[in-house]
Amino acid sequence: MSRDGATLTLDPAQLVSMMFALLPVPVAITDGRGRVVLCNSCFTDVFQGIPSMSTEPQREIEVPGRGTFQVQTLPLTDQGYKIVFATDVSDQTNLRKRAAGLEKMAAIGRVVTEVANELEAPLADIASYAFLVERSALTPELRQIVGILLTKAERASHLVQSLTALGGVTPRMSPFDLNTMVRNVVELRRGLLDPDVEVVLELDGSLPKAIGDPSLIEQVVLTLLINAEDSVSSIQPTSGTIDIRTCVRNSRIQLHVSSNGPARDAARIFEPGEGGVGLNICAEIAKDHDGELYAWSSYDRGATLTLELPVYEEPVSGVGRRLKGKTVLVVDDEAHITDFVDETLTRYGAVVDIAHSGSDAYERFKSQPYDLVICDRHMPGFSGQGLYRLVQDMDPHSAQRFLFMTADPVSADTRQLLSEHKVHFLRKPFNVQELLKTIDRLFSQDETRDS
């Protein structure tokens, strides 16, 4: 009888057979040796050409082109027949693989970041001292050699900084030439490009300098180029073209990377896993630089990614005028840091005293005031922060001209605290330009306050 009382026209065996055949789950019956003697259409569709199944109670099977299935086996009769059914666990398996991959990448990232931190300081020292040598009286041949050394050292330093930046270190903003960066990235990739792929550069010769973290922006430019390479590689054997163009629009620097690859869904291109390697990360980096990364695509073929960055505005005042005749106390337990700062500031007319500990600096401060104190934030024993508190009690005006040096990332809370006390900080390792720019900003703030 049916539920409404009507007589069934099919016997129970036929109904069970129909239900078994129409189940949306792969189900089969095996004999004592695991041979499939009966299965439904779903089982046949998933496990095509598999004549027998293992008698293990539970296991996972990866079926090429169909996914990963968890197969369970339960006893059915005393004669050794078993019922086998499978559940699609492809999503869970992929998540586990992705988690394992992320853990592996995180471990590699920690190692790379540690190595990068060890390399960052000596590379910055090489670049800074090369800058000082370049300013000396040299023959044209030596000046050319030192210029090449400076360029290579700064490039190596930027590459190392990019590794630490991706590891969570605070971005370091400075002016840079986007055209030069684009040429370097293209040259870096030239040997890896498919011979059938043509890269066309159309760079604005009057392009002003951009402002940002050169190491991070270089990673963005590299990612845009690799993404375009991946796009045109899919149209083989037809030759591919990548057009790279720079220009200025509405007082913003723009980089356009276009390819003749397949059309892309511009609305989803920045979603993780949708737009190629790292485009979602690149979009976040652009936002952190007060910029933008956006895309558009035609209906038939081709896609363009546009990076937009702010223009660097040259500071009006000169740090040389402000430093001349100023007394500066440099405090750090690392001699190469104090020597570098001493040599740099002396060239600009400052009178520099050096202390290698907080207690030594305090004794010097008791005997005379200083126009500027450049101090390591963390030193063994008497720390830089402890010195700042004593100087603040002794001479509040001098405390307003306090510049901390630190090798550690500065958290948002610490930034806010230093900002409230009008204290500047400079992250190690730094070059000559970063040191002078920070000092100039500090003196500008002080002059504004006095006026």
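The following paragraphs lead through the fold of this protein chain, from its overall make-up to its sheets, helices and a few single residues.

The structure is a predicted model, in which local features need a pLDDT of at least 70 and side-chain atom pairs count only at pLDDT 80 or more, while totals for chains, interfaces and linings use all residues. Residues are numbered from 1 along each chain as its sequence is written, and side-chain values use heavy atoms, with hydrogens and water left out.

The protein chain has 14 helices and 17 strands, where helices (H or I, at least four residues) and strands (E, at least two) are DSSP runs numbered from the N terminus. Of its 451 residues, 40% are buried; buried means under 20% relative accessible area, exposed over 50%, and partly exposed in between, with a 1.4 Å probe and protein chains only. Among contacts with a separation of 6 or more, 61% are between residues 24 or more positions apart, a contact being heavy atoms within 4.5 Å. The accessible surface comes to about 24,500 Å², and 55% of this belongs to carbon and sulfur atoms; such areas come from the Shrake-Rupley method with a 1.4 Å probe, and for residues only the protein chains shown count as cover.

Strands of a sheet pair through backbone hydrogen bonds, either parallel or antiparallel, and two strands are taken as paired here if DSSP finds at least two bridges between them. One open sheet is antiparallel and consists of five strands in the order 2-1-5-4-3. Its edges are formed by strand 2 (36-39) and strand 3 (58-63), each of which pairs on one side only. From one strand to the next, the twist averages 30°; axes are lines fitted to C-alpha atoms, for helices over the stretch in contact, and angles run from 0 to 180 degrees between N-to-C directions. Within this sheet, strand 4 (residues 67-75) and strand 5 (residues 82-88) run antiparallel and are joined by seven bridges, whereas strand 3 and strand 4 pair antiparallel over six. F69 can be followed through both pairings, since F69 has D88 as its bridge partner in strand 5 and stands opposite I61. The hairpin of strand 3 and strand 4 has three residues between the strands, and G65 takes a positive phi near 80° there.

A second open sheet, with parallel pairing, has five strands in the order 14-13-15-16-17. Strand 14 (351-355) and strand 17 (424-427) stand at its edges with a single partner strand each, so one side of each is left without a neighbour in the sheet. Neighbouring strands are turned by 20° against each other on average, with direction ignored. Strand 13 (residues 327-331) and strand 15 (residues 372-376) are paired over four bridges in the parallel sense, and V328 has L372 of strand 15 as its bridge partner. Helix 9 (residues 335-347) packs on this sheet, where it touches strand 13, strand 14, strand 15 and strand 16 (402-406), and its direction makes about 170° with that of strand 14. Helix 11 (residues 384-394) lies across strand 13, strand 15 and strand 16, and runs at about 170° to strand 16.

Elsewhere, helix 6 (residues 214-233) packs against helix 7 (residues 279-288) at an angle of about 145°, with the axes 10 Å apart. Helix 6 contributes L216, I217, V220, T223, L224 and N227 to the contact, and helix 7 contributes L279, C282 and I285. After helix 7, the loop leading to strand 11 (292-297) holds D290, whose phi is near 60°, a positive value in a residue other than glycine; D290 counts as exposed at 54% relative accessibility.

Strand 9 (residues 240-249) and strand 10 are joined by eight bridges and run antiparallel, with I244 opposite V257 in strand 10. Strand 10 (residues 252-262) is mostly covered, nine of its 11 residues being buried. The hairpin has two residues between these strands, and N250 takes a positive phi near 55°. S251, which is in the loop between strand 9 and strand 10, has a positive phi near 60° and is exposed, with a relative accessible area of 60%.

A153, by contrast, lies in helix 4 (residues 140-166) and is buried, with a relative accessible area of 6%. Leaving aside its neighbours within four places in sequence, A153 is in contact with I126 and A127; the C-alpha atoms of A153 and I126 are separated by 6.6 Å, although these residues are 27 apart along the chain.
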